[in-house]
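Please open the structure in your viewer and keep the sequence panel visible beside it. This tour proceeds from the whole chain to individual residues, with a selection to make at each stop.

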Amino acid sequence: MLIIGPIASGKSTLATTLADKLRSSGEAVVVVGLDTVAEMALPTLADWTWAHEVHGQLVGAWLEKPIPTVIAEGPGTPEEVEQIMRHVGSDVSVRKVLITTRYETALARATADPTRGISKDPEFLRRMHRRFEQTRPDIAHDLHFDTEELSSNEIAQRVMEGLPKLR
């Protein structure tokens, strides 16, 4: 599963909620978050391109293990999605979930989160949301949800309803 969206749209929250629901039904799940990968190199991370590359490699490594579900969250552009997909075998079924939210909601979420860095900066966040909106038509996806309209629990439930039974 690939969770795609702009900064502060709820990707991490949805990934955690979905993983918890799948685990509670007895499934083995791995969550690979882009921010978690980047944190490994902060504050000396010189280039986010590196974090995206390592994120894709880590997703690919987990897909080689006998884990039925790998949830990758973090990409927000077609290029970032492609970076992950380069590490996914052609025999792997990938469900791409696109989530969106308005800039104002993302800003409120980002500023309320004490763990956030530059994404709290209104101008940075505005630039990233504009970039996302410009490239969003080019992001292939299977499902699309607005995190202002539905909670992470509701979205996770709808995503799970479309998943094949793994047992």
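Which pattern does the chain follow when it is read along the sequence? The model shown is a predicted one. Display the whole chain as a cartoon and trace it from the N terminus: the pattern is β-α-β-α-α-β-α-β-α-α-β-α. In total, the chain holds seven helices and five strands. Its radius of gyration is 15 Å, close to the 15 Å that the globule rule gives for 167 residues, so the chain is as compact as a globular protein of that length.

**The whole chain**

Turn the model slowly about each axis. The C-alpha trace spans about 45 × 35 × 30 Å along its principal axes. Now switch on the surface: the chain exposes about 9100 Å², of which carbon and sulfur atoms supply 51%. Of the 167 residues, 42% are buried. Next, consider the contacts between residues at least 6 apart in sequence: 73% of these join residues at least 24 apart.

**Charged side chains**

Colour the charged residues. The chain carries 19 positive and 24 negative charges, and the mean positions of the two groups are 3 Å apart. Side chains of opposite charge can pair when their charged atoms come close. How many salt bridges are there? The count comes to five.

Select R131 and E80 and show their side chains. They meet in a salt bridge, with 3.5 Å from N to O. R131 lies in helix α6 (residues 122-135) and E80 in helix α4 (residues 78-85), so this pair ties together parts that are 51 residues apart in sequence. The two partners can also be compared by accessibility. R131 is partly exposed, at 35% relative accessibility, whereas E80 is buried, at 12%.

Move next to R102 and E104. The closest N and O atoms of this salt bridge are 3.4 Å apart. E104 has a relative accessible area of 47% and is partly exposed; R102, at 45%, is also partly exposed. Add E148 to the selection, and a network of salt bridges linking R102, E104 and E148 comes into view.

Then select D113 and R116, whose side chains form a salt bridge of 3.5 Å from N to O. D113 is partly exposed at 23% relative accessible area, and R116 is partly exposed at 24%.

**A buried charge without a salt bridge**

Select E73, which lies in strand β3 (residues 69-73). Which side chain of opposite charge is nearest to E73? It is K11, 5.4 Å away, and E73 is buried yet has no salt bridge. A salt bridge requires the nitrogen to be within 4 Å of the carboxyl oxygen. Show the surroundings of E73 as well: leaving aside residues up to four places away in sequence, E73 touches several residues, among them I3, V32, L34 and H55.

**Two backbone details**

Finally, show the backbone atoms. Most residues other than glycine have a negative phi, and most peptide bonds are trans. Two places call for a closer look in this respect.

Select A8, in the loop between β1 (2-4) and α1 (11-24). A8 is not a glycine, although its phi is positive, at about 65°. At 5% relative accessibility, A8 counts as buried.

For the last stop, select L42 and P43. Is the peptide bond from L42 to P43 cis or trans? The bond is cis, with omega near 5°. P43 lies in the loop between α2 (34-39) and α3 (48-63).

Key: Residues are numbered from 1 along each chain as its sequence is written. This is a predicted model: local features need pLDDT of at least 70, side-chain atom pairs count only at pLDDT 80 or more; totals for chains, interfaces and linings use all residues. Side-chain values use heavy atoms; hydrogens and water are left out. Helices (H or I, at least four residues) and strands (E, at least two) are DSSP runs, numbered from the N terminus. The radius of gyration is taken over C-alpha atoms; the globule rule is 2.2 Å times the number of residues to the power 0.38. Buried means under 20% relative accessible area, exposed over 50%, partly exposed in between (1.4 Å probe, protein chains only). Contact means heavy atoms within 4.5 Å. Accessible areas come from the Shrake-Rupley method with a 1.4 Å probe; for residues, only the protein chains shown count as cover. Lys and Arg count as positive and Asp and Glu as negative; His and the chain ends are not counted. The place of a charge is taken as NZ of Lys, CZ of Arg, CG of Asp or CD of Glu.
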